[in-house]
Every structure is written in C-alpha cells, then in structure tokens.
Amino acid sequence: MDIAKLLNGADVANALNSKIINEVEALKTVGVSPTLAILRVGEKPEDISYEKSVMKRCATTGVGVKSVALRADAAQEELKQIIYDLNCDGNVHGVLIFRPLPKSLDESAACAALDTAKDVDGITKESLAGVFTGSGKGFAPCTAQACVEILDHYKIGCEGKRTAVIGRSLVVGKPVAVMLIDKNATVTVCHTRTPDMPAITRDADIIISAVGKPEFLTKDYFSPGQIVIDVGINWSEEKSKLCGDVRFEDAARVVAAITPVPGGVGTVTTSVLVMHVINAAKIGAFA
C-alpha cells in the first residue's frame with residue numbers, strides 16, 4: 001500500500017530562509033538591522049522552547065533579537081510599560097508576545113497596547129482586520145500563514161478545492177479560512193458543535209486541522225487523494241511523544257500528502273515570523 005507524501009516543513013523553511021537572508025543583507029546596506037523583540041511572561045517550558053527556536057532561526061538568518069522576560073506575577077502596568085517601551089524603540093521592528101499570558105493579566109489589553117506596525121504575529125485587531133478585509137495592512141498570524149506557505153511551496157492549488165478547516169480560533173482557524181477563501185477555495189469551518197464532522201472532512205480535498213487534541217482525527221475522517229495540513233502540536237500520554245491532531249498512521253495509509261508532527265507547520269511558523277520582521281523593517285525603512 002502506498003504511503004502519503006510527506007510535506008516536510010524544513011524544505012519550505014529553507015526556501016523562505018534563503019529569501020530572508022538576501023533581504024537582511026539588502027537592508028543592512030542601507031543601515032537597517034532587522035530586530036525582533038521577544039516578550040515572555042513567566043517560565044513556561046513551551047514558551048522557553050519556542051523562544052530558543054525563534055532565536056536560533058534569527059541567528060541563522062542575520063536578524064537581531066532582544067529578549068525581555070517578566071516574572072509570572074508581573075503587574076499589568078509593568079507589562080503595559082514594557083510594550084510601550086518596545087513600541088517606541090526605533091531599533092525594534094517586530095514584537096512577539098508569548099501567549100497565553102498568566103490569568104492574572106489582561107491579555108486583550110496587552111494585545112491592544114502593541115503598535116500594529118510591530119505586530120508580526122497578527123494579534124492586534126488592526127492586523128486581523130487586514131486579514132479579514134484583504135486590505136493588506138498588518139501581518140497575518142504566523143501559524144495560519146505557515147499553512148498557506150506549505151501549500152504554495154508544494155504547488156498545491158486551492159482554487160475551487162473543497163477545504164475543511166477544523167478549529168475556529170483567531171490564531172489559526174478563522175484567519176486561515178479567510179486566507180484560503182482569498183485563494184478561491186470553498187471552505188467549511190468545523191468546530192465542537194459541528195455534527196458528523198467526519199462526513200465533512202471525507203468530502204474535502206484539503207483538510208487543515210487546528211483543533212489542539214492529540215490524534216483527534218482517525219481513519220474515519222479521511223478519503224483517498226486528500227491533502228492534510230496538521231497544525232496540532234500535542235503531547236501523547238499513550239505514546240510519550242509529540243503528536244498532531246491527526247492519527248498519522250491512519251491518515252498516511254489513505255491520503256495523498258500530509259505534514260508530519262513534529263517537522264511540519266511548526267518548522268515553517270518560525271520562518272514566517274522572521275519574514276514578517278523583515279517586512280516590517282522594510283516598511284519602516286522606506287515609508
């Protein structure tokens with residue numbers, strides 16, 4: 001039995017990184033050193049792990065990094081002041097705020113305080129409005145754009161394709177649905193209240209899962225010839241390892257192509273983030 005083609009994120013990331021390196025060199029010739037500020041509250045292992053991966057990607061592409069870490073019990077005013085300072089820092093072109101923030105902090109207020117021009121992860125209302133209206137202003141959430149970058153890299157056309165998006169968050173589900181509609185896909189968004197979800201996904205040409213549940217999609221969700229983008233990064237207690245939303249063994253025996261976890265969407269997300277920093281620096285330099 002044929003096994004699905006792997007849509008490896010490393011290939012996509014490497015292609016993006018080559019473009020980024022060229023852009024960084026061009027900016028530095030005009031005196032601009034693209035720099036990302038990372039704002040982390042607390043010491044959550046997943047945040048620290050992501051911070052390390054972002055810093056590594058920045059280092060390999062020549063992008064500067066300014067890391068700001070606050071205590072988990074930081075006050076709202078302290079967080080607000082840090083965001084204000086980063087907004088005013090002309091040497092910082094993009095700001096990444098790790099979320100979710102501790103429950104003691106008002107996350108909505110923190111997102112609203114960030115200058116949209118430096119919002120490289122699509123967390124402000126203005127950035128999201130740019131995605132939903134197609135105005136081109138601001139930046140899309142990085143993970144949502146990573147899904148699109150994978151489809152583009154592997155020359156998977158979306159026009160006229162029936163696409164099932166599982167999940168309706170503002171981080172992935174809603175923005176990626178709109179981005180695919182802009183590419184002329186016919187999109188159905190599924191969520192916890194969707195009846196008979198497997199019937200919908202089996203009928204799709206492309207499935208993008210961002211449900212955040214380990215191996216939620218089993219063999220009943222798939223049919224031959226499909227493209228599957230698995231956004232989920234979950235910990236499987238049963239297997240004691242990272243896994244996606246998709247039960248990979250089930251899907252790989254049926255579908256045409258699928259992203260692995262790890263090594264898929266997450267790998268591309270960090271490159272998209274750095275690319276957004278470059279674009280923000282270009283806008284600032286040539287405005």
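## Worked exercises: sheets, helices and salt bridges

Helix H7 (residues 173–181) lies across strand S5 (162–166), S6 and S7, and its direction makes an angle of about 170° with S5. The coordinates used throughout belong to a predicted model.

**Exercise 1.** State in which order the strands of the sheet that includes S5, S6 and S7 are arranged, and find its edge strands.

*Solution.* Begin with the order, which reads S1-S11-S8-S7-S5-S6 for an open sheet of 6 strands with parallel pairing. Next, look for strands that pair on one side only: these are strand S1 (5–6) and strand S6 (186–190), the edge strands. Then take one pairing in detail: strand S7 (residues 206–209) and strand S8 (residues 227–230) pair in the parallel sense over 4 bridges, and Ile 206 has Ile 227 as its bridge partner in S8. Finally, place the helix on this arrangement: H7 lies across S5, S6 and S7, of which S6 is an edge strand.

**Exercise 2.** Determine the strand order of the sheet that contains S2, S3 and S4, and describe how S2 is joined to S4.

*Solution.* The 3 strands form an open sheet in the order S3-S2-S4, again with parallel pairing. S3 and strand S4 (94–97) each pair on one side only and are therefore the edge strands. From one strand to the next, the twist averages 20°. Between strand S2 (residues 35–41) and S4, which run parallel, there are 4 bridges; among the partners, Ala 37 is matched with Val 95 in S4, and Ile 38 is matched with Leu 96 in S4. A helix also belongs to this picture, since H2 (residues 45–61) lies across S2, S3 and S4 and runs at about 170° to S2.

**Exercise 3.** Decide whether the residues on the two faces of S4 are buried or exposed.

*Solution.* The step rests on a general rule: in a regular strand the side chains alternate between the two faces of the sheet. In S4, Gly 94 and Leu 96 are on one side, whereas Val 95 and Ile 97 are on the other. Each of these four residues is buried, and both faces of S4 are accordingly covered.

**Exercise 4.** Describe the surroundings of Val 68, and classify this residue as buried or exposed.

*Solution.* First, locate Val 68 in strand S3 (residues 64–70). Second, apply the cut-off: buried means under 20% relative accessible area, and because the value for Val 68 is 14%, the residue counts as buried. Third, list its contacts, leaving aside neighbours within four places in sequence: they are Ile 38, Leu 39, Arg 40 and Ile 82. Fourth, compare sequence with space: Val 68 and Ala 37 lie 31 residues apart along the chain, while their C-alpha atoms are 7.2 Å apart.

**Exercise 5.** For the salt bridges Arg 40 with Glu 43, Lys 44 with Asp 47 and Arg 162 with Asp 203, classify the partners by their accessibility.

*Solution.* In the pair of Arg 40 and Glu 43, the closest N and O atoms are 3.4 Å apart; Arg 40 counts as buried because its relative accessibility is 9%, whereas Glu 43, at 56%, counts as exposed. Lys 44 and Asp 47 meet at 3.9 Å, N to O, with Lys 44 partly exposed at 26% and Asp 47 buried at 7%. In the pair of Arg 162 and Asp 203, the closest N and O atoms are 3.3 Å apart. That pair links distant parts of the chain, 41 residues apart, with Arg 162 in strand S5 and Asp 203 in the loop between helix H8 (197–202) and S7. Both partners fall in the intermediate class, Arg 162 being partly exposed at 40% and Asp 203 partly exposed at 45%.

**Exercise 6.** State how many salt bridges the model contains, and which residues form a network of them.

*Solution.* The count comes to 15 salt bridges. A network of such bridges links Glu 215, Lys 239, Arg 247, Glu 249 and Asp 250.

**Exercise 7.** Identify the residues that form a nonpolar surface patch with Trp 235, and give the accessible area of the patch.

*Solution.* The patch consists of Ile 233, Trp 235 and Leu 242, which together have about 310 Å² of accessible area. Trp 235 itself sits in strand S9 (residues 234–236) and, with a relative accessibility of 46%, counts as partly exposed.

Conventions:
Residues numbered from 1 in each chain as written. Predicted model: local features only at pLDDT ≥ 70, side-chain atom pairs only at ≥ 80, totals over all residues. Heavy atoms only, no water. Buried < 20%, exposed > 50% of the residue type's maximum accessible area, 1.4 Å probe, protein only. Contact = heavy atoms within 4.5 Å. Patch = residues over 30% accessible without salt bridge, like charges linked within 9 Å, V, L, I, M, F, W, Y side chains within 5 Å. Areas by Shrake-Rupley, 256 points an atom, 1.4 Å probe, with all protein chains shown as cover. Salt bridge = Lys/Arg side-chain N within 4 Å of Asp/Glu carboxyl O. Pairing = 2+ DSSP bridges. Axes fitted to C-alpha atoms, helices over the stretch in contact; angles between N-to-C directions.
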